[in-house]
Every structure is written in C-alpha cells, then in structure tokens.
Amino acid sequence: MRLARVGAVASAALLTVALAACGSSEKTADKQTSSTDNKGALVGVTMPTRVSERWIKDGDSVKSQLEALGYKVDLQYAENDIPTQTQQLDNQITKGAKLLIIASIDGKALTTQLENAKAAHIPVIAYDRLLLNSPNVDYYATFDNGKVGEQQATSLLTGLKLLKADGSKGTAKGPFNVELFAGSSDDNNATFFYNGAMKVLKPYMDAGTIVVKSKQTDFKTISILRWDPATAQKRMEDLLTSTYKGGAKVDGVLSPYDGLSIGILSALKSSGYGTAAQPYPIVTGQDAELASVKSIKKGEQYSTIYKDTRQLAKTAVSMADAVLKGQQPQVNNTTDYNNGNKVVPSMLLPFVVVDKSNYQKELVDTGYYTAAQIDK
Ligand code: GAL
C-alpha cells in the first residue's frame, strides 16, 4: 500500500518533469511562479459588463472558487467600456496581482496591458473570449464555440421542422424566410458562432429552402456591436419595416445570444407577432439567461444554448491554480484558437441546447436556476 503510494508520487513527479520539459509555448508559467510564492496570492479578474447576467454569474463563480483555494481576488466589471477595462488591468498589475483572468470587451484592445503583464511575469488566462494579437496569453478557457454556432443553426432548422429532433429530415418543405444576426465584431467568439451556423445553413440557403429575404448575410452587416439588445431590436424593426412591409412573414431568426433574442422578439411583438394568428418566428439564442428561459417556457423564444458558467469558472480557476503552483494546466485543444500571434492552448467545454422540452431537466434539476426563479 505504502509502496504503491510512493510509486504513484514518484511517477507523478516524473510526469511533472516530463511535462515541464516539453514544448516551449507551454513554458508559460516561465518559472515566474512557485507553489510557496503564490500561496494566498492576489488574482485579478476582469469581466466585460454587468448588463448581461451571465457575466455576473461568471464573476461570482470565479471569485468564490479562487477564494475557496485561499487566493485573494480583485474582481472588476468594465460596463463594456474599453478604457475602463484597460485601467482596471493597469491597477491589478500595479497592485501586484500574480495572475490575470480576463474576459475582454474587445479582444484586440488589451495588447499593451498584456505586454505589461508579461514584463511583470504575470501569466494571463483568457476567459471565454480569446485575447487577440498578442503573444502574452498563456491559456484560454471557453466552450466549443464553432459547435455552438452549428447547434444554433441546427436548432433553428429543428424549430422550422426542416429537421427532426434526431437530426433526420423533417416534415416541412419550406421555403422559409429567415433573418440572420451575429454578435459583436470585436469578439472573436462572434465569428466562430457565425461560421459554425453558416456551415449548417448554407446548403439550405443554396437550395432555396431558407431565404434570407433582406439579403443581409455577411458578418459585418449582421453583427451587433457589443452584443447590444437595443441595437438588435432596432435592426429587426428596420428589417420588418423595409423587407417585410409587403406582408411577407418572418419564419425564423438566427440569434447568437439571448440578449439579442429578447430585443428581436420585442421588435416582432410591436409589429404584430406573438398572437395565435401570427405566432413568433423560431428564434434561437445563447447563455440560458433567465429572461430567455422564461420566454422559452412561454413558447416565445424557441431555444438557447446552456453554457454552465460554474464549469467554465471551475476550468479557469483550476488553470490558474496550476499555473500559480508552477504546474501545467489541463487543455484539450492546441490547434483551433490562433489569436493572430500564437495558437493559445485551450480547454473547450461542452454545452447543451435547451428548448421547452428540456429546460426543466437541464436548468432546474441541475440547480442552475430554481423553479421559482423561472416561474416568477
Ligand atoms: C460571447 C459569449 C456568449 C455571450 C456573448 C454576449 O463572448 O461567448 O456566450 O455571452 O459574449 O455576452
């Protein structure tokens, strides 16, 4: 028993040595850190905004999980203002943070701060959104963003009954009028969602089964800066009063984020949708935000993508803990996330497509929300 244990410890030590010896890009801890140095160290956590409730959950989870490991945490929100975020990072570096976890507003806007962090031997973990155009990003914790886009589009097709729930051909023939929305162009994820969705939708568009009546299909035109719900609402209103003024109906809307979906549904409502005679189109989403889960329950929004922020926080925190102890964090993707300067070793988490049929099982039974929160 004892021997076996010693053996296990010895092989763990060997593994650590072997890992430490491999791959220069993996040497990110850079001997900057050692387990004793960083006990109880300060970790700087920056989140983009409190406007969207998911980032509040993310921030709370990261903070409490780091504190449970004995770290001190400086958690900041920048309310989608880039200069505020850069200043928060400057402050955290000055205050002696030993590691930074960053969910950026604009992935390209923080290169100077990342350079300063590097100069001060502070490792950086990109949280959900990749930090771009910088060699000074050590790890990335996120979900499988390309797959998210594919599943948003697949869910749209299922809602339109072009596909069955099992992925086989559905009963509907179309053609269906669909409008497309994309996320913020300064967020790397938005491109992943868009490309993933287009991969699935393109054959249907080419076949004429799905018709983007506005003809607005390119990323730049359909993207919504800062993921702003009001901008999405305005764009949907404009589409309704231009493209659809002759009486044609919208059958589906590809929306990459719940905040946008709420804005889109609100524009549709003002224009007469949401009645028995004229039901809402199939509208997708992402993040399982409470307002959208309620909307799904009521049969308004069709679906969302549930990304468990507690799990994302756990991943980022265990990456941080490993780096601060001079160890190698676990990653599962070393190919897909090129930030323009390097491929950032990433941990991609799975997610679940949620609609009316499974929100109870996925969101209530798992404790993400209480039934009372959704029923209120
Ligand atoms: C993205 C994120 C989405 C959504 C969106 C708006 O970066 O991947 O899940 O939260 O931002 O906040």
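User: Which residues are linked in a network of salt bridges?

Analyst: In this predicted model, Arg54, Asp58, Asp128, Asp287 and Lys307 are joined in such a network.

User: What makes the contact of Arg54 with Asp58 a salt bridge?

Analyst: The N to O distance between the two side chains is 2.9 Å. A salt bridge requires a side-chain nitrogen of Lys or Arg within 4 Å of a carboxyl oxygen of Asp or Glu, so the pair qualifies.

User: Where do Arg54 and Asp58 lie with respect to each other in helix α2?

Analyst: They are four residues apart in helix α2, which spans residues 53-68, and therefore about one helical turn separates them.

User: Why are Arg54 and Asp58 called buried?

Analyst: Arg54 has a relative accessibility of 5%, and Asp58 has a relative accessible area of 0%. Buried means under 20%, so both residues receive that term.

User: How do you know that Lys63 and Glu67 are partly exposed?

Analyst: The relative accessibility of Lys63 is 28%, while the value for Glu67 is 37%. Neither value is under 20% or over 50%, so both residues count as partly exposed. Their side chains also meet in a salt bridge, at 2.9 Å from N to O.

User: Lys361 forms a salt bridge with Glu362; is each of these residues buried or exposed, and why?

Analyst: Lys361 has a relative accessible area of 54%, which is over 50%, so Lys361 is exposed. Glu362, at 14%, falls under 20% and is therefore buried. The closest N and O atoms of this pair are 3.2 Å apart, a distance within the 4 Å limit.

Conventions:
Residues numbered from 1 in each chain as written. Predicted model: local features only at pLDDT ≥ 70, side-chain atom pairs only at ≥ 80, totals over all residues. Heavy atoms only, no water. Helix = DSSP H or I, 4+ residues; strand = E, 2+ residues; numbered from the N terminus. Buried < 20%, exposed > 50% of the residue type's maximum accessible area, 1.4 Å probe, protein only.
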